[in-house]
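I opened my notebook to keep track of what I look up in this chain. Short entries, one topic at a time.

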Amino acid sequence: FPVEGDRFVLRKLFDDRLVFIARGGHPRVTPDIDLDALRQEQFAGIHPRQGNPPESMRLVRREIERLDLTWAIHLSEFLEVPFVALLTDLVCYLPESMLKQNKGDVQLHVLRHLLSDIPIPISLVWHESRRADEGHRWIRDLVASVIIAAVEA
């Protein structure tokens, strides 16, 4: 996510969105579940980061709080979310771009209709002292092209 401060350089790669997910064999959650039924479930979320989050994340947090959900656990990283969703009956949220890596090997219910469509800018971030470093520029360009290609696939 974007960071603040003049020590960092940002290159926006794409806009992402949060979606809720549940395992495909969940006993109660289906892709068209309504909010009242969903509120009966237990949820896994992400611990808020320290510092001042970007405006898009503040909007998303408010939107999630508005849903008035019951939180069973808070995780450290989004990378943990798919495993928790697949191995439990918890409903989780994560950036939609993370689902692009699932080529149908894993059955997940994706609930796109529960949150407003708030774009979350995803950026490549580096320290300004590396701005003119040719090797760093090469690896930044490579990483950016791989990420953009994966998201657009």
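**Entry 1: a term I need before anything else.** Two strands count as paired if DSSP finds at least two bridges between them. With that in hand, I looked up alanine 44 and found that its bridge partner in strand 5 is cysteine 92. The strands involved are strand 3 (residues 42–46) and strand 5 (residues 91–95), which pair in the parallel sense over two bridges. I also reminded myself that strands of a sheet pair through backbone hydrogen bonds, either parallel or antiparallel.

**Entry 2: what kind of model is this?** I noted that I am working with a predicted model. The average pLDDT of the chain is 89, and 95% of the residues score at least 70. I then went through the elements: strand 4 (residues 70–75) has the highest mean pLDDT, 96, while helix 2 (residues 55–66) has the lowest, 86.

**Entry 3: the overall layout.** I read off four helices and seven strands. Along the sequence they follow the pattern β-β-α-β-α-β-α-β-β-β-α. For the extent, I wrote down a box of roughly 55 × 35 × 25 Å, filled by the C-alpha atoms and taken along the principal axes. Of the 153 residues, 36% are buried. I also checked the contacts with a separation of 6 or more: 81% of them are between residues 24 or more positions apart.

**Entry 4: the sheet.** In what order do the five strands of the open sheet come? I got 4-3-5-2-6, with mixed pairing. Strand 4 and strand 6 (108–111) are at the edges and have a single partner strand each, so one side of each has no neighbour in the sheet. Direction ignored, neighbouring strands here are turned by 35° against each other on average.

**Entry 5: the other pair.** I went on to strand 1 (residues 8–16) and strand 7, which run antiparallel and are joined by eight bridges. One spot I looked up was lysine 12, whose bridge partner in strand 7 is serine 123. Strand 7 (residues 120–127) has six of its eight residues buried, so the rest of the structure largely encloses this strand.

**Entry 6: the core.** The largest nonpolar core holds 41 residues. Leu18, Phe20, Ile21, Leu38, Val81, Val91 and Leu111 are the ones with the most contacts inside it. Strand 2 (residues 18–23) gives the most to this core, namely five residues. I picked valine 91 for a closer look: leaving aside neighbours within four places in sequence, its contacts include Phe20, Leu38, Phe43 and Leu111. Glu41 and Gln42 are also among the contacts of valine 91.

**Entry 7: glutamate 41.** Buried or exposed, I asked about glutamate 41? At 4% relative accessibility it counts as buried, because the cut-off for buried is under 20%. Glutamate 41 sits in the loop between helix 1 (35–38) and strand 3. Its side chain and that of arginine 28 are joined by a polar contact of 2.7 Å. Not counting residues up to four places away in sequence, glutamate 41 touches His26, Arg28, Val29, Thr70, Asp89 and Val91.

**Entry 8: histidine 109.** This residue is part of strand 6. Histidine 109 has a relative accessible area of 15%, so I put it down as buried. Which backbone oxygen lies 2.9 Å from a polar atom of the histidine 109 side chain? That one belongs to glycine 24. The backbone oxygen of valine 29 lies 3.4 Å from a polar atom of the same side chain. With residues up to four places away in sequence left out, histidine 109 also touches several others, including Phe20, Thr30 and Pro31.

**Entry 9: two loop residues.** Aspartate 68 lies in the loop between helix 2 and strand 4. It has a positive phi of about 55°, although it is not a glycine. Aspartate 68 is exposed, at a relative accessible area of 57%.

Proline 54 is in the loop between strand 3 and helix 2. Its relative accessible area is 19%, so proline 54 is buried. Last thing I looked up: the C-alpha atoms of proline 54 and valine 146 are separated by 25 Å, and the two residues are 92 residues apart along the chain.

Terms used:
Residues numbered from 1 in each chain as written. Predicted model: local features only at pLDDT ≥ 70, side-chain atom pairs only at ≥ 80, totals over all residues. Heavy atoms only, no water. pLDDT = per-residue confidence, 0-100. Core = buried A, V, L, I, M, F, W, Y, C linked by side-chain atoms within 4.5 Å. Buried < 20%, exposed > 50% of the residue type's maximum accessible area, 1.4 Å probe, protein only. Contact = heavy atoms within 4.5 Å. Axes fitted to C-alpha atoms, helices over the stretch in contact; angles between N-to-C directions. Polar contact = N/O pair within 3.5 Å; in protein donor to acceptor, adjacent residues only side chain to side chain.
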